[in-house]
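Q: Could you show me how to read charged pairs and buried nonpolar residues in a model of this kind?

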Amino acid sequence: QVQLVESGGGLVQPGGSLRLSCAASGSIISINFMRWYRQAPGQQRELVAHVGSAGSTNYVDSVKGRFTISRDNAKNTVYLQMNSLKPEDTAVYYCNAVGLTTTKSIFDSWGQGTQVTVSS
């Protein structure tokens, strides 16, 4: 009932930048928090960044100062601006959103994932 569609991944050289977007659609009343996770081959999925309903943010230490998460509540969209990318940032990036639907049920939805590859 709530779908998340990601875009913006791709191949970039070390030191480059990418901007990921994730738009939520469906029977949404409100979105509590939105998050970006990533999973590298052979690794567990890791929480990269979190943005709350009021805009508060948190980051995993490895991306602090390089990545910025933001959200546009009017568009139910979350962004991840990634600067100074490193090869170790290579992974599939997933967005996640938790909120309330029009039927007053809680949703916890995931995007399909977008590949980010940092390589020269």
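A: A salt bridge is a side-chain nitrogen of Lys or Arg within 4 Å of a carboxyl oxygen of Asp or Glu. This is a predicted model, in which local features need pLDDT of at least 70 and side-chain atom pairs count only at pLDDT 80 or more, while totals for chains, interfaces and linings use all residues. Residues are numbered from 1 along each chain as its sequence is written, and side-chain values use heavy atoms, with hydrogens and water left out.

Q: How many salt bridges does the structure hold, and which residues are linked in a network of them?

A: The structure holds 4 salt bridges, and R38, E46, R66 and D89 are linked in a network. Within it, E46 meets R38 at 2.7 Å, N to O, and R66 meets D89 at 2.8 Å. R66 lies in the loop between β6 (57-59) and β7, and D89 in the loop between β8 and β9, so this pair ties together parts 23 residues apart in sequence (strands being DSSP E runs of at least two residues, numbered from the N terminus).

Q: Is R38 buried or exposed?

A: Buried means under 20% relative accessible area, exposed over 50%, and partly exposed in between, with a 1.4 Å probe and protein chains only. R38 is buried at 6%, whereas its partner E46 is partly exposed at 29%; R66, at 10%, counts as buried, as does D89 at 1%.

Q: What does Y93 touch?

A: Taking contact as heavy atoms within 4.5 Å, and leaving aside residues up to four places away in sequence, Y93 touches twelve residues' worth of neighbours including R38, W36, F67, L80 and M82.

Key. Helix = DSSP H or I, 4+ residues; strand = E, 2+ residues; numbered from the N terminus.
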